[in-house]
Amino acid sequence: MKKAEIQSQRARKNTQSSLQQSSQLRVGTQLSGSHPHRMSSPAKVFLHAAGGRNRRNASRKGKRSHRILRNTKLYKQGYNRGYQDGVLQGQNSFGIVFEGVSIIIPTYNQRDYVLQCVSSIEKYTPAPYEIIVVDNASQDGTADALLRKGGMVRVAALDKNRGFAGGVNQGLMMAKGRHIVVLNNDTLVTPGWLENMMSCLNSDPQIGVVGPVTNYIGGDQQIEVPYCEVEDMWSFAANQNRPDPEKHRLTERLVGFCWLFSRDLFERAGYLDEGYAVGNFEDDDWIVRVRMLGYRLAVAGDAFIHHFGSVSMKALGEQDFNSVNKGNEQFYSQKWGDPQALIAETSRLAQTPYSDPQTRSQANVSSLAAKGDLRQRAGSSSENSPATSSFRRSSDFYPEGAFLVDLKGDVYVLRGGQRRKLNTPVPRGISPVLVAKPDLLGIPAGEPLVSAGDIWNGSLEPDQPLAATPSDSGVVAIHESIVATVDAPESWYLVTEGKRRRFVSTYAAERWGISSRHVHQISTEQLHLIPEGWPIIAPPQLLNQDL
């Protein structure tokens, strides 16, 4: 090949090589342009670009996740601090009473009624108050509706229906007011209702509970009304509620649709008995105890509230209502026997020479006629004297030597008017009776009992579920015994501290662990030689273990 041909061939190869390089450069330019889909991309270039975006996105996501975790942690820390502060404040404020009224409203599946009731309280109650609605596991959204409402309403949503007594007791446990109102959910309060009831309560130190008048109720609190529709009720109530002490009067019974009383009375009388199913008669039961303590009852005729009338009970249906009512009536009779005779007996015993002068002075006032114009007694010096300022407690009617247990499981022996903690195992066969905190704290604390000898006073354990106490020489033979006479074997007595104390019923005796096998027969003459002491009543049943 000639030299010229060789040079020409080399020139063509160089030109082709330059064209190929130029073509590759153009391809690279297109990869970085706005139309990458027109041509396949070299793997190296594509992977480099994707890796960069992923790292940037991952970095952003990491920072965002870190911020979320940090904020969540801060929120939880703040929540826990707030919760702990709330618990601490609650513990520090426990037992602190405010100078106002706690209004307790138990309710069950009556959302519209209770909302109306709460609204009427908010509108017509200028005095300081709190509203405690206890919802007995309603299925109609009552608790949620009240929580949305807010304001001065505290809501206790129970996990099951505990009935009227259980609902009221829950509210009493929560109440912080100096005074307490128990109010039905199917009521409407009216202008002046609370002020006039409070005036009646404060008019006589012997008055323990005040009730209003209404259009629909049992007993003598019902009055004639001219209206048929609620819209027409307000003008009537405004006229009825003009303050007028002449409309205040004593009574023997107050229905539990509306009560006003002091915290001191509650701490003396204790909780309602939860042995009554759903409702009815538990209010009569509590009123019997109040009257045994020496308090009077009064109706404020210048305080009218509208009552729709037993809405929750009517919702049971006639058959169920009659069944519940009959069962509760039987329980009431079984527990108390003749309650009016018992109240009279207690008043009589308070005047006996065996009672202290303070109690006798108080009883002289309590034994006056239960009904009448309060103004007739306003001038009585004995009525307002310091000697009548003290009242009995429910625990005064509990048996000497009884074993009591609180919610923590601590056991006490009731001895000499004191609660003495048991720092030794509970004796075999003894079942301590659960008592509520107000009952227990109302009994002064004494020295603990540290041995079985302390319980049984150094003697052998007797065949009865009550602890022994020192005996008086005059009644050694039957001291610390459960006795009955041949003539009246159904009436049982505890002979203790030199007195005979009658169990008001067989049920009361059984509640304290007494059975017929513990009863010893004595003659009527022997029994009458022993002075009478306070009767013994049954403690209320408490199904809510938080009380």
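In this predicted model, helix α4, spanning residues 142-149, has four residues to consider on its covered side: Thr142, Ala143, Ala145 and Leu146 are its buried residues. Viewed down the axis of α4, these buried residues fall within an arc of 165°, so they line one face of the helix. This fits a familiar pattern: an α-helix has 3.6 residues a turn, so residues three or four places apart point the same way. On the other side of α4, Leu147 and Arg148 are exposed. The cover over the buried residues of α4 includes two strands that flank α3 in the numbering, β1 (98-107) and β2 (129-135), together with α3 itself (111-124) and β3 (153-157). After α4 comes Gly150, with a positive phi near 70°.

Turning to the strands further along, β12 (residues 411-415) is mostly covered, with 5 of its 5 residues buried. The burial extends to both faces of β12: Val411, Val413 and Arg415 lie on one side, while Tyr412 and Leu414 lie on the other.

Strand β12 pairs with β11 and with β13. Strand β11 (residues 403-405) runs antiparallel to β12 and is joined to it by 3 bridges, with Phe403 standing opposite Val413. These two strands form a hairpin with 5 residues between them, and Gly409 in the turn has a positive phi of about 95°. Strand β13 (residues 418-421) is also antiparallel to β12, through 4 bridges; here Leu414 of β12 stands opposite Arg419 of β13. The hairpin of β12 and β13 has 2 residues between the strands, and Gly416 takes a positive phi near 60° in it.

Terms used. Residues are numbered from 1 along each chain as its sequence is written. This is a predicted model: local features need pLDDT of at least 70, side-chain atom pairs count only at pLDDT 80 or more; totals for chains, interfaces and linings use all residues. Side-chain values use heavy atoms; hydrogens and water are left out. Buried means under 20% relative accessible area, exposed over 50%, partly exposed in between (1.4 Å probe, protein chains only). The arc is that of the directions from the helix axis to the C-beta atoms. Contact means heavy atoms within 4.5 Å. Two strands pair if DSSP finds at least two bridges between them.
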